[in-house]
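Here's a quick walk through the model, piece by piece. Keep the structure open while you read.

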Amino acid sequence: MRPGRRPDERTVLYNEGRGPRREHHDMGCPAFLLAALTRTAQTAYFGHLYDVPKPTEHHFETADRTLGASRR
């Protein structure tokens with residue numbers, strides 16, 4: 001972060017993790033995460049997220065059904 005910048009002016013500098021490449025995004029972390037998850041981020045690193053097939057159906061189960069009824 002550059003000196004004199006407020007926390008709300010911080011931007012994202014994404015490092016690939018195991019190498020020297022970095023990617024700068026001129027937005028804050030929450031905005032970047034939203035863009036990455038909604039597939040609107042211009043990034044070379046999250047393309048694999050977009051290749052995951054979406055399930056055709058999704059449902060939730062209660063904890064009792066998933067883990068078995070709790071015993072008291």
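## How far to trust it

This is a predicted model. Mean pLDDT for the chain comes out at 79, with 81% of the residues reaching 70 or more. Broken down by element, β2 has the highest mean pLDDT, at 89, while helix α2 (residues 47-50) has the lowest, at 65. Where pLDDT is low, don't read the predicted coordinates in detail.

## The hairpin

Start with the two strands. Strand β1 covers residues 12-15 and strand β2 covers residues 22-25; they pair in the antiparallel sense over four bridges. If you want a spot to get your bearings, look for Asn15, which sits opposite Arg22 in β2.

Six residues lie between β1 and β2 in this hairpin. In the turn you'll find Gly17, with a positive phi of about 100°.

## Helix α1 and its two sides

Next up is α1. Its buried residues are Phe32, Ala35 and Ala36. Looking down the axis of α1, these buried residues fall within an arc of 100°, so they line one face of the helix. Pro30, Leu34 and Leu37 are exposed on the other side of α1.

After α1 comes Arg39, which has a positive phi near 65°.

## The core

So what makes up the largest nonpolar core? Seven residues do: Val12, Phe32, Ala35, Ala36, Ala41, Tyr45 and Phe46. Helix α1 (residues 29-37) supplies the largest share of this core, three residues.

Phe46 is worth a click. Leaving out neighbours within four places in sequence, Phe46 is in contact with Tyr14, Phe32 and Ala36.

Note on methods:
Residues numbered from 1 in each chain as written. Predicted model: local features only at pLDDT ≥ 70, side-chain atom pairs only at ≥ 80, totals over all residues. Heavy atoms only, no water. Core = buried A, V, L, I, M, F, W, Y, C linked by side-chain atoms within 4.5 Å. Buried < 20%, exposed > 50% of the residue type's maximum accessible area, 1.4 Å probe, protein only. Contact = heavy atoms within 4.5 Å. Pairing = 2+ DSSP bridges. pLDDT = per-residue confidence, 0-100. Arc of directions from axis to C-beta.
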